[in-house]
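This briefing introduces one protein chain to a first-year reader. Please look over the sequence and the structure before reading the points that follow.

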Amino acid sequence: MQAIKEKLNDMSAMRKAKAEAKEEEKAEKEMAKARVEVAREVRLAKEAEAAMDMHVNKAAEKIANEEKKHINESTDGTLDPYASSFTNTNNPSGGHPYGNHPSQMNNAGAGPNNHLL
């Protein structure tokens, strides 16, 4: 009788150990699956960032090419260092590129504006 009780206790202990091992394995598999998903998302984010950088660089090249075209097509203009586009120096303010002739400036050195706020 004692041998049967020991055998039943041993079998119960083995079932508990197997169940615990299965739970650990399941948890490890879930963690590995989560790591794979995170790695995939990181890869996709890096690919998207690289694609975005490529498009930004293409846009910058197109802007530079358009500015070069405008410079080459024009004979009476200059590039404004404070703007990213072509400006014509033949303006009604007598050649002042920002339209503020010295006689139009106030004491602060700013030209007239229509801003009420």
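**Salt bridges in the helix**

The side chains of Arg-43 and Glu-47 come together in a salt bridge, with 2.9 Å from N to O. Both residues belong to helix 1, where they stand four residues apart, about one turn of the helix. The model described here is predicted, and the points below place this pair in the context of the whole chain.

**The pair Glu-47 and Arg-43**

- Glu-47 has a relative accessible area of 43% and is therefore partly exposed.
- Arg-43 also counts as partly exposed, because its relative accessibility is 40%.

**Other salt bridges**

- The count of salt bridges comes to four.
- One of them joins Lys-29 to Glu-25, and the closest N and O atoms of this pair are 3.7 Å apart.
- Because Lys-29 and Glu-25 are four residues apart in helix 1, about one helical turn separates them.
- Lys-29 counts as exposed because its relative accessibility is 55%, and the cut-off for this class is over 50%.
- Glu-25 has a relative accessibility of 43%, so this residue counts as partly exposed.
- A further salt bridge is formed by the side chains of Lys-69 and Glu-66, at 3.4 Å from N to O.
- Lys-69 and Glu-66 lie three residues apart in helix 1, again about one turn of the helix.
- Lys-69 is partly exposed, with 45% relative accessible area, and Glu-66 is likewise partly exposed, at 38% relative accessibility.

**Overall architecture**

- The secondary structure of the chain consists of one helix and two strands.
- Read from the N terminus, these elements follow the order α-β-β.
- Helix 1 covers residues 2-73, while strand 2 covers residues 86-88.
- Among contacts between residues at least 6 apart in sequence, 0% join residues at least 24 apart.

**Surface and burial**

- The chain has 117 residues, of which 4% count as buried.
- About 10700 Å² of the chain is exposed, and carbon and sulfur atoms supply 57% of this area.
- A nonpolar patch on the surface is formed by Met-1, Ile-4, Leu-8 and Met-11, which together have about 460 Å² of accessible area.
- Within this patch, Met-1 is located in the segment before helix 1.
- Met-1 counts as exposed because its relative accessibility is 75%.

**Confidence of the prediction**

- Where in the chain is confidence highest, and where is it lowest? Helix 1 has the highest mean pLDDT, at 94, and strand 2 has the lowest, at 50.
- For the chain, the mean pLDDT is 79, and 62% of the residues reach 70 or more.
- Where pLDDT is low, the predicted coordinates should not be read in detail.

Methods: Residues numbered from 1 in each chain as written. Predicted model: local features only at pLDDT ≥ 70, side-chain atom pairs only at ≥ 80, totals over all residues. Heavy atoms only, no water. Buried < 20%, exposed > 50% of the residue type's maximum accessible area, 1.4 Å probe, protein only. Contact = heavy atoms within 4.5 Å. Areas by Shrake-Rupley, 256 points an atom, 1.4 Å probe, with all protein chains shown as cover. pLDDT = per-residue confidence, 0-100. Patch = residues over 30% accessible without salt bridge, like charges linked within 9 Å, V, L, I, M, F, W, Y side chains within 5 Å.
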